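Visitor: I'm new to this one, and I'd like a close look at a single part: the empty spaces, and the helices packed around there. Could you walk me through that slowly?

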Amino acid sequence: MKKARTIFLVLSCLLPAGCRPENSENLVIAAAANTRFAMEELVAAFSRETGIMCETIFASSGKLTVQIRQGAPFDVFIAADMNYPEKLFREGFSKKPPRLYAYGKLVLWSSDTSRLLAGKNVNHIALANPRTAPYGQAAVEALKSFALYKAVESKLVYGESISEVNHFIISGTAEMGFTSLSSVMAGEMKGKGQWILIDTASYSRLTQGAVLLKRSKRRPQAQRFYDFLLSHKGKQILREFGYKVNQND
């Protein structure tokens, strides 16, 4: 019995923070870290309107994809690009292909805009891990587009997700950092430091996709949230946090 309890505790620690067992009545949404502030507002609005309670797990899209493949009890996956949910669809984790819900935007944040990326007074530049986070990949592409990557490569520090990048920036661990527009428009970073939008022509478009997961035990509730995300009200909330929700924004 003691051995079984130990195994249970170990397995529990491997679950995403806050993740509930499969018999939970709450809808469990796996969302890319860049969506945190917008998703918190969107989930609150959805719960007020429907009475359906939700729990949201935030991490990089790559990490969440791995967890879904390993059987994490998520109902909906809100990614930072289309590639990860499309892969899950092709692998049979969803019955229907993902839908585009927003276009993301990359920004460079600094506490002092007089600093230059390659300047001597900048020792650390934060960005999300480009192997698992689409915003990190976009940052690398932008640096290469501006022929700056080689000059600053030794200064780059990587966070596991946009959330960790934001922590590096706020704490002063990094003097500058590449993050999402939605991050600097809310939460701890709102009104702090200075930021500039990165030219979208310098990186691959951040087309953010969502998908309903086939193993969900709460499919009717998941479908209602999915529909709300793509509704006029859902798009308006996303727009308030700096996302483009259609080509004309």
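Guide: Let's start with a pair of helices, H2 and H9, where H2 passes H9 in a right-handed crossing. Keep in mind as we go that this is a predicted model. H9 covers residues 219-229, and its axis lies 11 Å from that of H2, with an angle of about 120° between the two. Angles of 65 to 115 degrees would count as roughly perpendicular, and H2 and H9 are therefore called oblique to each other.

Hold on to H2, which spans 36-50, since helix H2 turns up again in the wall of a pocket: H2 and helix H7 (162-171) are the elements that give two or more residues to the lining of the second largest pocket. That pocket has a volume of about 190 Å³. H7 supplies the largest share of its lining, six residues. If you want to find the spot on screen, pick out Ala-33, Arg-36 and Phe-37, then Ile-162, Ser-163, Asn-166, His-167, Ile-170 and Ser-171, and finally Ser-183, Glu-188 and Met-189; together they line the second largest pocket. Sorted by class, that lining has five nonpolar, five polar and two charged residues. It also draws on two domains, with at least three residues from each of domain 1 (27-104 + 206-241) and domain 2 (106-197).

Now for the largest pocket, which holds about 230 Å³ of space. Its lining has 16 residues, and the closest to its centre are Asp-81, Asn-83, Pro-134, Gln-137 and Glu-141. Helix H4 (83-90), helix H5 (134-145) and strand S10 (206-212) are the elements that give two or more residues to this lining. H5 makes the largest contribution there, with four residues. By class, you'd sort the lining of the largest pocket into seven nonpolar, five polar and four charged residues. Here, too, domain 1 and domain 2 each give at least three residues.

One of those wall elements, H4, has a helix partner of its own. Helix H3, residues 61-69, has an axis that comes within 10 Å of the H4 axis, and the two cross at roughly 15°. Angles under 35 degrees count as roughly parallel, so that is how H3 and H4 are described relative to each other. Like the pair we began with, this one has a handedness: H3 passes H4 in a right-handed crossing.

Last come the closed spaces. There are two cavities of 30 Å³ or more, and the largest cavity contains about 60 Å³ of space. To trace its lining, look for Ala-32, Ala-33 and Asn-34, then Ala-59, Ser-60 and Ser-61, then Ala-80, then Ala-133, Pro-134 and Tyr-135, and lastly Ser-161 and Ile-162. You've met some of these names already: Pro-134 is among the residues closest to the centre of the largest pocket, while Ala-33 and Ile-162 help line the second largest pocket. What about charge in the largest cavity? Its lining has eight nonpolar residues, four polar and no charged. And once more both domains take part, as domain 1 and domain 2 each give at least three residues to the lining of the largest cavity.

Note on methods:
Residues numbered from 1 in each chain as written. Predicted model: local features only at pLDDT ≥ 70, side-chain atom pairs only at ≥ 80, totals over all residues. Heavy atoms only, no water. 1 Å grid on protein atoms, 1.4 Å probe; cavity = no way out; pocket = protein on both sides within 12 Å on 5 of 7 lines; lining within 4 Å. Points joined across faces, edges and corners; volume = space filled by probe spheres on them. Nonpolar A, V, L, I, M, F, W, Y, C, P; charged D, E, K, R; others polar. Domains from an automatic or database assignment. Axes fitted to C-alpha atoms, helices over the stretch in contact; angles between N-to-C directions. Parallel < 35°, antiparallel > 145°, perpendicular 65-115°, else oblique. Left-handed = near helix turned anticlockwise from the far one by under 90°.
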